[in-house]
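Welcome, and please open your viewer. We will go from stop to stop, with something to select at each one.

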Amino acid sequence: MSYITLDHGSGGKLTLELIENVFKAESSLDSAILGEIAFTTDSHSIKPLFFKGGDIGKLAVSGTVNDMLCVGAKPLYLSSAFIIEAGFEIEKLKTVVKSMKTEAEKAHVKIVCGDTKVVEKGKCDGVYINTSGIGKIIKPIDGKNINDGDVVIVTGTVGDHGFAILNEREQLNLETELKSDVASLTDLILPLIESDVDIKFMRDPTRGGLAMCLNELCYKRDFGFEIFEEKIPVREDVKVISEILGIEPYYSANEGKMVIVVAKKDEEKALRMLKNNELGKNATTIGYVSFKNPERVVLNTKFGSKRILRMPTTDKMPRIC
């Protein structure tokens, strides 16, 4: 393919190939581990800018905080850079900035520097935000020491963010209380990092959802995953929207959940710790690492059959974050 398409930004296979072939990235971790320091950067665009459960400001802070947690770091500092479209309402901008401040306080981080640029009207969707973060490595987590039988835990229901945004953006007018799960996970995940739980891998399943998260981890590796459909927590209203649209919740973005691979011996301890926090009350084990099916995510369906949960190539949902 000779040109960039929207699917290159979907978080699926084309995104992975772009990172490999153009940017020549050697690591697929959400943050760089630089000795005792974690460093990450992320850009955020979403439509609508304000949605049930949050806005682009809350998304920008929580997304970067969660990326640092993924590699076993305690988030400390953030930068923020704004690209603002001429004509954007200042009161809306104040709301976004206030939201960032509130979420930073919840995550126990400080926003210490930033930048602002203004572009002509029609050159961006209101506002784009880039945030970079620095954290202190507590326990480096790089996904290199994964063993057969390690368990896969998700910290809560999957698909909430993607379907909530889809319902609002496309004005589906579906009567539902569904809202985005966007949240910084410091209070949920940091105690786990600081414990003696043997954490092999962590990733917040954002673009591409749970399916992309697991496929990316076993991409070009000598292991795969066995996961069980009946164990994956999915809200009832997400199931309904999923069935109406024919889009599985496993491919829908999440902005307040974590996928965690831990040693089998620490499964129960990890679940107990996660369930002690409101954000982890629905945490559950959904499967395990298997060296019998390398590079594959095998979904055991509720009907007793098996099928491959493939890496998405194109975006199964409209671009939302």
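## First stop: Phe39

Begin by selecting Phe39, which is found in strand β2. Keep in mind as you look around that this is a predicted model. Is Phe39 buried, partly exposed or exposed? Its relative accessible area is 38%, so Phe39 counts as partly exposed. Now show what surrounds it: apart from neighbours within four places in sequence, Phe39 is in contact with Ser31, Ala32, Leu34, Ser132, Gly133 and Ile134. For a sense of scale, add Tyr251 and draw a distance between the two C-alpha atoms. Phe39 and Tyr251 lie 27 Å apart in space, with their positions 212 residues apart in sequence.

## Second stop: a cis peptide bond

From strand β2 (37-44), follow the chain into the loop that leads to β3 (50-51), where you will find Pro48. Zoom in on the peptide bond that runs from Lys47 to Pro48: this bond is cis, and its omega is near 5°. Most peptide bonds are trans.

## Third stop: two nonpolar cores

Next, select Ile189 and Ile260. These two residues have the most contacts inside the largest nonpolar core, a set of 46 residues. Colour helix α2 (residues 56-70) as well, because you can then see the source of a good part of it: the largest share of this core, eight residues, comes from that helix.

Stay with Ile260 for a moment. Which residues does Ile260 contact, leaving aside its neighbours within four places in sequence? They are Val151, Val152, Ile153, Thr155, Ile189, Leu192, Ile199, Phe201, Met202 and Leu274. There is also a second, separate core of 32 residues, and Val152, Ile232, Ile241 and Leu299 are included in it.

## Fourth stop: Glu226

Select Glu226, in strand β10 (residues 224-228). With a relative accessible area of 10%, Glu226 is buried. Show its side chain together with that of Lys306, and you will see a polar contact of 3.2 Å joining the two. Beyond residues up to four places away in sequence, Glu226 touches Ile286, Gly287, Tyr288, Ser290, Asn293, Val298, Asn300 and Lys306.

## Fifth stop: two positive phi angles

Two residues come next, for their backbone angles. Most residues other than glycine have a negative phi.

- Select Lys220, in the loop between α6 (209-218) and β10. Lys220 is not a glycine, yet its phi is positive, at about 60°. At 57% relative accessibility, Lys220 counts as exposed.
- Then select Glu295, in the loop that links β12 (284-290) and β13 (297-300). Glu295 also has a positive phi without being a glycine, here about 65°. With 43% relative accessibility, Glu295 counts as partly exposed.

## Last stop: the second largest pocket

To finish, select Lys179, Asp181, Ala183, Lys257 and Leu279. Of the 28 residues that line the second largest pocket, these lie nearest its centre. The volume of this pocket is about 590 Å³.

Which helices should you colour here? Both α3 (90-107) and α5 (186-194) supply at least two residues of the lining. The largest share, three residues, comes from α5. What kinds of residue make up the lining of the second largest pocket, by class? Colour by class and you will find twelve charged, ten polar and six nonpolar residues.

Terms used:
Residues numbered from 1 in each chain as written. Predicted model: local features only at pLDDT ≥ 70, side-chain atom pairs only at ≥ 80, totals over all residues. Heavy atoms only, no water. Core = buried A, V, L, I, M, F, W, Y, C linked by side-chain atoms within 4.5 Å. Buried < 20%, exposed > 50% of the residue type's maximum accessible area, 1.4 Å probe, protein only. Helix = DSSP H or I, 4+ residues; strand = E, 2+ residues; numbered from the N terminus. Contact = heavy atoms within 4.5 Å. Polar contact = N/O pair within 3.5 Å; in protein donor to acceptor, adjacent residues only side chain to side chain. 1 Å grid on protein atoms, 1.4 Å probe; cavity = no way out; pocket = protein on both sides within 12 Å on 5 of 7 lines; lining within 4 Å. Points joined across faces, edges and corners; volume = space filled by probe spheres on them. Nonpolar A, V, L, I, M, F, W, Y, C, P; charged D, E, K, R; others polar.
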